[in-house]
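Please open the model in your viewer with a residue-selection panel at hand, and follow the stops below in order. Each stop names something to select and then describes what is there.

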Amino acid sequence: MNHKGTVTLETERLILRRFEKNDLEPMFHNVWNNYEVWKWSSYEPMNSIDDIRTLNNIFTDFWFAKYEKPDYYNWAIELKSSGEVIGRFRGINPSDRANKIELAYELGQNWWGQGFMTEAVNAALHFFFNDVGFNRVYAGHASENPASGKVMQKCGMTYEGTMRQHTKCNVGLVDEVFYGILASEFIMKQILVGVPTHPAGAAEEAEQGFIPCVAAGFGAAPH
Ligand SMILES: CC(C)(COP(=O)(O)OP(=O)(O)OC[C@H]1O[C@@H](n2cnc3c(N)ncnc32)[C@H](O)[C@@H]1OP(=O)(O)O)[C@@H](O)C(=O)NCCC(=O)NCCS
């Protein structure tokens, strides 16, 4: 394992980067002021900008300090075309012992259905397998939230099972549907589409904290 922390990743239409303090208002207005976005999670209510800091402990000094940890993966999703922050993408519960990490993501409703999260997940898989060295990446979604599962399917993740009444989120107790992908499967996918595991120049750019996922062909928009 070679943790790199939340380094900047780039895809065709997105930049995944560390949050900055001035992202708070755009995150509220574009993403978190809408219950439809966070109802599948365990966030405390986010009816005002203050709720983000005081009820959820997000955008606090303590929260930003976590970026110092090499195994902390918490990206703002920035739209290249406008520079707007439109969502959040995380790698959570990293395990060095089992070489695995879980994905969690959310996008402002105005940007749903345009392939953005599929693009972000593909970039993250490329980074986690090729650059960090995880063996397994997995994610779960509420059974009533099939759009999230569709993203996992489109990124080549395999359905692994459903755990009944496994998670309590803001809509209540839900069945959680799990998908996963192993490094061997991801590398095979890369070989089949004929791209190197490390595109030319990627190693040098990774050193500088910038990883061009789109160069490996896994960041392209599906539409
Ligand atoms: C889930 C979410 C991240 C998807 O982001 P997105 O950028 O819209 O996803 P994509 O456009 O890449 O792909 C979504 C796919 O789901 C499909 N979809 C949308 N609603 C669906 C539904 N009700 N049933 C089945 N598929 C659905 C879309 O058609 C699309 O598939 P397609 O490209 O084959 O047409 C976004 O809807 C979101 O942020 N939702 C709220 C937060 C959330 O649910 N987070 C995940 C918690 S596990």
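Begin by selecting Val85, which counts as buried because it has 24 C-beta neighbours inside 10 Å, where 20 or more is the cut-off for that label. This residue sits in strand β4, and, with neighbours up to four places away in sequence left aside, it is in contact with Asp23, Pro26, Met27, Asn30, Ala76, Ile77 and Glu78. If you also select Phe19, you will find it 66 residues from Val85 in sequence, with the two C-alpha atoms 9.2 Å apart in space.

Before going further, colour the chain by pLDDT, since this is a predicted model. The average pLDDT over the chain is 89, and 87% of the residues score at least 70. Residues 198–223 are where pLDDT stays under 50, and the model has 57 contacts beyond four places in sequence for this stretch.

Now switch to a cartoon view, in which eight helices and nine strands can be picked out along the chain. Of the 223 residues, 33% are buried. Among the contacts with a separation of 6 or more, 64% join residues that are 24 or more positions apart.

Next, select helix α1, residues 24–32, where Met27, Asn30, Val31 and Trp32 are buried. Looking down the axis of α1, you will see these buried residues fall within an arc of 140°, so they line one face of the helix. What do the buried residues of α1 pack against? Their partners are α2 (35–38), α3 (49–54), β4 (85–95) and β5, and two of the residues named here, Met27 and Asn30, are also among the contacts of Val85.

From there, move to the largest nonpolar core, a set of 43 residues in which Leu16, Ile77, Ala120, Val121, Ala124, Leu125 and Phe128 have the most contacts. Helix α5 provides the largest share of this core, with eleven residues. Select Ala120 for a view from inside the core: apart from residues up to four places away in sequence, Ala120 touches Thr11, Leu14, Leu16, Ile77, Phe89 and Tyr105.

Keep Ile77 displayed and add Leu107, a residue of strand β5 that is buried because 22 other C-beta atoms lie within 10 Å. Beyond its neighbours up to four places away in sequence, Leu107 touches Ile77, Ile86, Gly87, Trp112, Phe116 and Met117. The last of these, Met117, is ten residues from Leu107 in sequence, and their C-alpha atoms are 7.4 Å apart.

Trp112 and Met117 lead on to the ligand, as both are among its closest residues, together with Thr118, Ala147 and Lys150, in a shell of 20 residues. Which elements each supply at least two residues of this shell? They are β5 (100–107), α5 (116–132) and α6 (146–154), with α6 giving the most, five residues. Coloured by class, the shell around the ligand shows eleven nonpolar, seven polar and two charged residues.

Now select Arg13, in the loop between β1 (8–10) and β2 (14–18). Is Arg13 buried or partly exposed? It is partly exposed, because 18 other C-beta atoms lie within 10 Å, and that count falls between the limits for exposed and buried. Add Glu119 to the selection: although 106 residues separate it from Arg13 along the chain, their C-alpha atoms are 8.2 Å apart.

A comparable long-range pair can be displayed by selecting Glu185, in helix α7 (residues 183–192), along with Asn135, which is 50 residues away in sequence and 9.8 Å away from C-alpha to C-alpha. Glu185 counts as partly exposed, with 15 C-beta neighbours inside 10 Å.

The last stop concerns backbone torsions. Most residues other than glycine have a negative phi. Phe59, however, has a positive phi, near 65°; it lies in the loop between α3 and α4 (61–65) and is partly exposed, with 19 other C-beta atoms within 10 Å. Asn93 also has a positive phi, near 50°, and its place is in strand β4, the strand in which the tour began with Val85. Asn93 counts as exposed, with 11 C-beta neighbours inside 10 Å.

Terms used. Residues numbered from 1 in each chain as written. Predicted model: local features only at pLDDT ≥ 70, side-chain atom pairs only at ≥ 80, totals over all residues. Near = placed C-beta within 6 Å. Helix = DSSP H or I, 4+ residues; strand = E, 2+ residues; numbered from the N terminus. Nonpolar A, V, L, I, M, F, W, Y, C, P; charged D, E, K, R; others polar. Buried ≥ 20, exposed ≤ 12 C-beta atoms within 10 Å, placed from the backbone. Core = buried A, V, L, I, M, F, W, Y, C linked by C-beta atoms within 7 Å. Contact = placed C-beta atoms within 7 Å. pLDDT = per-residue confidence, 0-100. Arc of directions from axis to C-beta.
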